[in-house]
Number of protein chains: 2
Amino acid sequence: MTVRIKDVAQAAGVSVATVSRALGEGPVSDSLRKKVEAAVAATGYRPNLSARRLRSQHSQTIGLIVSDIRNPFFTAVSRAVEDAAYQLGMRVILCNTDENLDKEALYLRLMQEERVTGVIFAPTRETAATLDVDALGFPVVLIDRAGPPGRHDAVVLDNAEAAALLVDHLVAQGYRRIGGLFGNTSTTGAERHAGFVAALQRHGLEAPARFVAPSAAAAEQALGLWLRDADRPDALVVSNGLFLLGVLRAVKHAELAVPGELAIAGFDNDDWTDLAGPGLTVIEQPVYEIGRTAMAMLMERLDNPAQLPRKVVLTGRLVTRGSSRPRG
Amino acid sequence: MTVRIKDVAQAAGVSVATVSRALGEGPVSDSLRKKVEAAVAATGYRPNLSARRLRSQHSQTIGLIVSDIRNPFFTAVSRAVEDAAYQLGMRVILCNTDENLDKEALYLRLMQEERVTGVIFAPTRETAATLDVDALGFPVVLIDRAGPPGRHDAVVLDNAEAAALLVDHLVAQGYRRIGGLFGNTSTTGAERHAGFVAALQRHGLEAPARFVAPSAAAAEQALGLWLRDADRPDALVVSNGLFLLGVLRAVKHAELAVPGELAIAGFDNDDWTDLAGPGLTVIEQPVYEIGRTAMAMLMERLDNPAQLPRKVVLTGRLVTRGSSRPRG
DNA sequence: ATCTTGACTGAAAACGATTGCAATCATGAC
DNA sequence: GTCATGATTGCAATCGTTTTCAGTCAAGAT
């Protein structure tokens with residue numbers, strides 16, 4: 001039914017080895033190469049990648065494991081990873097874990113069965129803590145969330161610094177009662193919280209914070225409750241783009257003016273943030289570059305398996321918009 | 001180095017065939033199955049999927065080819081496809097074509113080399129027109145954009161009807177000078193335009209339209225020009241979520257009131273559309289269901305290769321918000 | 001006791017490529 | 001003319017599974 005390399009060899013009047021070499025790297029005379037190409041065209045031959053991978057022991061596959069591709073941060077990263085991968089002639093297997101430990105374990109096992117070349121992974125805190133890369137059999141680059149220091153390759157944002165950037169900005173704009181909303185499953189939330197607390201401390205201010213599950217709905221609900229408190233903040237640091245959606249919905253529902261009654265500054269310069277309300281002040285993460293860098297680190301690790309784990313820390317850029325206008 | 005099925009067999013004191021059967025479907029006595037499972041655990045065996053695929057001739061892989069995963073419509077569809085696939089024990093290969101014909105051809109060839117089980121594909125108009133599914137060797141389900149009638153399995157929105165829904169709504173709200181902004185590369189844009197024109201004709205109104213490349217920037221620029229025209233519309237039908245972003249930016253730049261000076265109604269109930277300006281009136285596509293249905297159709301086609309091509313047409317839901325309030 | 005039957009089990013042949021090794025061939029040196 | 005050399009080429013082994021086919025064995029039918 002389907003045409004094999006043997007058929008091409010027959011059609012070209014050469015051996016299968018020659019066809020393989022003509023299609024790949026091996027030394028082949030021009031005349032035979034031409035014959036082979038003609039035979040490939042004539043027969044409509046398509047190499048069987050499973051067979052090639054089995055024999056060559058190179059899967060040319062990288063795994064990308066994120067919590068949810070619908071999170072624009074991961075969407076952008078995934079696009080960067082895929083661009084880089086296809087440029088290198090590799091394919092990408094994408095997995096969504098929903099921050100679920102079982103799914104993380106499941107997909108890591110799948111990666112082993114695929115004999116992937118490497119994996120780019122945004123793990124939960126728990127998995128990052130217990131992850132033993134050497135036992136896995138392929139290199140791993142963590143993104144967005146770093147594990148225990150010095151154990152893994154990683155490319156992350158300087159989360160503490162970025163959070164401090166937001167705090168300093170809000171303080172400079174005249175806000176004093178600054179609250180924070182952070183995710184409770186990843187190291188990212190914890191780091192941003194730490195930077196948030198440290199920065200407020202420097203200013204001699206309190207640092208009230210709430211921790212929520214990683215979804216817009218959870219953020220909306222948490223903030224809805226908070227806004228009913230007597231001591232509600234007059235400015236808010238929001239730990240990611242999903243939370244920003246929830247925050248804005250809660251604010252809309254409570255009919256609060258932004259920034260008049262509640263200033264907002266958050267993470268992720270998602271497409272819509274310049275359009276919501278007065279425009280949102282945000283930290284822009286170099287999303288595409290994060291993906292590109294992760295891919296590059298993976299390749300370097302493959303070239304040099306022995307080198308010490310490296311952590312690339314990228315810095316966020318503060319984009320100021322109406323939601324943090326000076327306090328009136 | 002890596003442990004093979006042969007090593008497991010040795011450790012368990014059985015033949016490789018028995019190990020294979022114990023791990024798969026074959027009939028194996030309970031006692032041996034237990035032994036095999038113990039040996040698998042002891043050795044840390046992971047089956048090699050390339051070898052399995054080569055021998056069994058089942059790749060358990062489906063291809064998903066879209067224009068850009070960063071388009072939230074495709075993001076949502078991809079999540080649905082992946083959920084369904086992993087539930088069935090299949091892998092997904094995701095490709096971004098950027099509406100580029102060469103990339104489309106390239107990735108279709110890649111799918112052949114992967115010997116994929118099937119492909120879910122959002123093609124450009126040109127590729128859809130020339131696509132010969134039978135020559136490909138695997139079933140294809142088109143999404144979002146249908147090809148020539150009766151030739152392919154497809155799951156699409158009733159685009160003309162949805163566009164008409166928007167037009168009827170705007171007319172009912174009192175708008176008369178209604179313009180349209182449509183994409184120029186896909187059949188989707190064309191169908192929505194057709195529904196737009198037909199609906200306006202029913203109302204005895206003109207149907208001024210602009211066609212632009214599929215990006216927010218292109219929409220922004222086109223509308224920027226249009227808004228300077230003397231005969232600019234007082235309401236706008238916008239053909240997709242990306243364009244909505246561009247439209248809102250142009251409107252903001254021109255400092256027009258929405259809906260006072262320009263009412264807006266568009267496609268795609270993206271996460272942010274309830275938060276921008278007065279809230280955007282949109283057609284909500286059943287995005288997750290589109291992905292799920294495409295996957296289901298693929299499975300049915302595999303069960304029954306001979307059946308005639310089917311086109312599933314889903315209907316959009318009108319979500320009315322502030323951007324189309326009755327004309328004052 | 002013998003024969004059937006059915007349920008397991010193992011040996012060995014695929015699956016479709018790549019690659020180590022040996023053979024071939026033309027070329028230029030002697 | 002012979003031989004060494006280097007560049008191609010082909011043969012056959014191999015990658016790690018699944019699956020066919022032919023046993024083996026115990027239990028029940030006769």
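## Who sits next to the DNA

A residue counts as near a DNA strand if one of its heavy atoms lies within 4 Å of that strand. Keep that cut-off in mind, and keep in mind too that this is a predicted model.

## DNA strand D

By that yardstick, 24 residues are found around DNA strand D, and the nearest ones are A:Thr18, A:Arg21, A:Arg55, B:Ile5 and B:Ser20. On the DNA side, sugar and phosphate make up 62% of the strand D atoms that come within 4 Å of the protein. Sorted by class, the protein surface here has eleven nonpolar, six polar and seven charged residues.

Now for some individual contacts. The side chain of A:Ser29 places an N or O atom 2.7 Å from a phosphate oxygen of DNA strand D. B:Ile5 uses its backbone instead: an N or O atom there lies 2.6 Å from a phosphate oxygen of DNA strand D. B:Arg55 goes for a base, with a side-chain N or O atom 2.9 Å from a base oxygen of DNA strand D. As for the secondary structure behind this surface, helix 2 and helix 4 of chain A, along with helix 2 and helix 4 of chain B, each supply at least two residues.

## DNA strand C

Over on DNA strand C, 25 residues surround the DNA, and the closest are A:Ile5, A:Ser20, B:Thr18, B:Arg21 and B:Ser29. Sugar and phosphate account for 63% of the strand C atoms that come within 4 Å of the protein. The class count for this surface is twelve nonpolar, six polar and seven charged residues.

Which side chains put an N or O atom by a phosphate oxygen of DNA strand C? A:Arg52 does so at 3.0 Å, and B:Ser29 does so at 2.7 Å. A:Ser20 also has a polar side-chain atom 2.4 Å from a phosphate oxygen of this strand. The elements giving two or more residues to the surface near DNA strand C are helix 2 (16–23) and helix 4 (49–56) of chain A, plus helix 2 (16–23) and helix 4 (49–56) of chain B. Helix 4 of chain A gives the largest share, four residues.

## How chain A is divided

Stepping back from the DNA, chain A splits into domain 1 (5–47), domain 2 (58–157 + 287–314) and domain 3 (159–285 + 318–324). Taken over C-alpha atoms, the centres of domain 1 and domain 2 of chain A are 37 Å apart.

## A six-stranded sheet in chain A

Chain A also has an open sheet of six strands, in the order 7-6-8-9-10-12, with mixed pairing. Why do strand 7 and strand 12 of chain A each have one side without a neighbour in the sheet? Strand 7 (209–212) and strand 12 (317–319) stand at the edges and each has a single partner strand, so one side of each is left open in the sheet. On average, neighbouring strands are turned by 15° against each other, ignoring direction.

Further in, strand 6 (residues 178–183) and strand 8 (residues 235–238) of chain A pair in the parallel sense over four bridges. One bridge pairs A:Gly180 with A:Val237 in strand 8.

## Helices across the sheet

Helix 10 (residues 187–202) of chain A lies across strand 6, strand 7, strand 8 and strand 9 (263–267), running at about 165° to strand 6. Helix 12 (residues 241–254) of chain A lies across strand 6, strand 7, strand 8, strand 9 and strand 10 (281–284), and runs at about 160° to strand 9.

Technical notes:
Residues are numbered from 1 along each chain as its sequence is written. Chains are lettered from A and ligands numbered from 1 in the order in which they are written. This is a predicted model: local features need pLDDT of at least 70, side-chain atom pairs count only at pLDDT 80 or more; totals for chains, interfaces and linings use all residues. Side-chain values use heavy atoms; hydrogens and water are left out. Two strands pair if DSSP finds at least two bridges between them. Axes are lines fitted to C-alpha atoms, for helices over the stretch in contact, and angles run from 0 to 180 degrees between N-to-C directions. Contact means heavy atoms within 4.5 Å. A polar contact is a pair of N or O atoms within 3.5 Å; within protein, one must be able to donate a hydrogen and the other to accept it, and residues adjacent in sequence count only if both atoms are side-chain atoms. Ala, Val, Leu, Ile, Met, Phe, Trp, Tyr, Cys and Pro count as nonpolar, Asp, Glu, Lys and Arg as charged, and the others, Gly among them, as polar. Domain bounds come from an automatic or database domain assignment.
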